[in-house]
Amino acid sequence: MNDDRKYMQVHDYLLELIRAPETPGGGKLPSEAALAARFAISRGTVQRAISELTREGLLHRRRGSGTYIARRESPSGRLIGLVTPHMCDLDNVYHRAMAAAEEVFRQAGYGVFSCSTPNEREAKMVIANADGILYCPVEGENSDTRNNDFARAVLTGGKAMVLVDKSWPGELASRFPCVGSSNEKAAYDLVSYLLKRGLRRIAMIHTRTTSGEARLAGYRRALAQYGIEPAEEYVWCAEEPRLRDAGSQAANLLAALARPPEVIFCVNDDVAFNVIRKLRQRRVRIPEEIGVVGFDNNSFSEMIDPPLSTVCQNAAEIGAVAARMLLEKLANPNLECQSREIDCKIVIRESLVFPQTVEIAG
């Protein structure tokens, strides 16, 4: 492929990404090195495409930070800040939720800008420029401190904020409404579904996040209703930041048990992918010997072998509800908004033995 064709390939990809309705204005592009590796081209060719789109006003560079999609402004000058942990991860629930929220804000006459979880200096900029904020809390090491610092700055700045996808423990978090998935109920319904079909040895790989703990609680509640106390070796906590590696390690140990589980329920699809990879390395037949189920229904769930059974979160509804809640708060600052949980859907694919889809009752 000659240089011009390579250039047009990456140029057209970036243009499609910029124009996609699900891509929020202000979002960070993948790094030049990542784009060069993805398209098997030189960084110079990537830089040429980025420079052209920057001249057209579609991208802008921040020294020492990266390249960002130009902010979609509002004629009214009113702005909403969308703050997420990782701007370049386009397949996360919070990214899809924020994209849906942006459309609601656009229709209401607001512009938006997006950024990753800011440090103290950047937080002041976000709060100074935004009329209101949608915030997806960070997870992992020192997450509570980082979330509390940002929440405290928002309160000091007197700005309205709604949490998206999850909350975190503590009094500061409780001062903001949260819109997320019905994690406990979804996990309970999933495990109940498996139990009703005769499965009993159900393991779980969870995390010590608010959503991970809620899913673990749903798992335990479903088992308790069947009089089952899960064996200690069936319940594994995968720790951040090496969550995926922990999932692989847990799969390795679970498969080696004298009585391995019939199914491994993973706290999210990323963990489930690594569980499947590790089981295949051990020549475990999926789902005949051990089934695997995830949580998220991200874009790769149908593409892996075998296609992954999972819990589908309604990210678009989460984002739209959160956006409408923030708009209501901006219209009436004294309004007390209640947190909302959005129902999920169980999707059964070939990683389990029951090829059908079951909708969770409201």
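# Salt bridges and sheets in a predicted model

Biologist: Let's start with aspartate 305: does this residue count as buried or exposed?

Modeller: Three classes are used: buried is under 20% relative accessible area, exposed is over 50%, and partly exposed lies in between (1.4 Å probe, protein chains only). Aspartate 305 has 56% relative accessibility, so this residue counts as exposed.

Biologist: Before we go on, what should I know about the model?

Modeller: Residues are numbered from 1 along each chain as its sequence is written, and side-chain values use heavy atoms, without hydrogens and water. The model is predicted: local features need pLDDT of at least 70, side-chain atom pairs count only at pLDDT 80 or more, and totals for chains, interfaces and linings use all residues.

Biologist: Thanks! Which residue does aspartate 305 meet in a salt bridge?

Modeller: A salt bridge here is a side-chain nitrogen of Lys or Arg within 4 Å of a carboxyl oxygen of Asp or Glu. For aspartate 305, the N to O value is 3.5 Å, and the partner is arginine 280.

Biologist: How many residues apart are these two along the chain?

Modeller: Helices (H or I, at least four residues) and strands (E, at least two) are DSSP runs, numbered from the N terminus. Arginine 280 belongs to helix α10 (residues 269-281), while aspartate 305 is in the loop between β11 (291-293) and β12 (310-312). This pair links distant parts of the chain, and the two are 25 residues apart.

Biologist: How many salt bridges does the structure hold?

Modeller: The one between arginine 280 and aspartate 305 is joined by others, among them arginine 221 with glutamate 184. The structure as a whole holds 10.

Biologist: Which helices do arginine 221 and glutamate 184 connect?

Modeller: Their side chains meet at 2.6 Å, N to O. Arginine 221 is partly exposed at 34% relative accessibility, and glutamate 184 is partly exposed at 26%. The two residues are 37 apart and lie in α8 (residues 210-225) and α7 (residues 183-196).

Biologist: Which residues form a network of salt bridges?

Modeller: Glutamate 139 and lysine 166 form one salt bridge, with closest N and O atoms 3.9 Å apart. Glutamate 139 sits in the loop between β5 (132-135) and α6 (143-157), and lysine 166 in the loop between β6 (160-165) and β7 (178-181). Asp165 is linked in as well, so the network, under the salt bridge definition, is made of Glu139, Asp165 and Lys166.

Biologist: Within that pair, what is the relative accessibility of lysine 166?

Modeller: Glutamate 139 is partly exposed, with a relative accessible area of 30%. Lysine 166 counts as buried, and its relative accessibility is 8%.

Biologist: How many residues of β6 are buried?

Modeller: Strand β6 is mostly covered. Of its 6 residues, the number that are buried is 6.

Biologist: What is the strand order of the open sheet of 6 strands?

Modeller: Two strands pair if DSSP finds at least two bridges between them. The edge strands, each pairing on one side only, are β4 (111-116) and β13 (340-342). With parallel pairing, the order is β4-β3-β5-β6-β7-β13.

Biologist: Which residue of β6 stands opposite leucine 134?

Modeller: Strands β5 and β6 run parallel and are joined by 4 bridges. Opposite leucine 134 stands a residue of β6, valine 162.

Biologist: What about the other side of β6: which residue in β7 stands opposite aspartate 165?

Modeller: Strands β6 and β7 pair in the parallel sense over 3 bridges. Leucine 163 stands opposite cysteine 178, while aspartate 165 stands opposite glycine 180.

Biologist: At about what angle does helix α4 run to β3?

Modeller: Angles run from 0 to 180 degrees between N-to-C directions, using axes fitted to C-alpha atoms, for helices over the stretch in contact. Helix α4 (residues 93-107) lies across β3 (79-84), β4, β5 and β6. Its angle to β3 is about 175 degrees.

Biologist: And what is the strand order of the open sheet of 4 strands?

Modeller: Its edge strands are β9 (235-237) and β11. Strand β8 (residues 202-206) pairs with β9 in the parallel sense over 3 bridges, and methionine 204 has valine 235 as its bridge partner. The order, with parallel pairing, is β9-β8-β10-β11.

Biologist: Finally, what percentage of the protein's residues count as buried?

Modeller: The protein has 11 helices and 15 strands. Of its 362 residues, the share that count as buried is 52%.

Definitions and conventions: Contact means heavy atoms within 4.5 Å.
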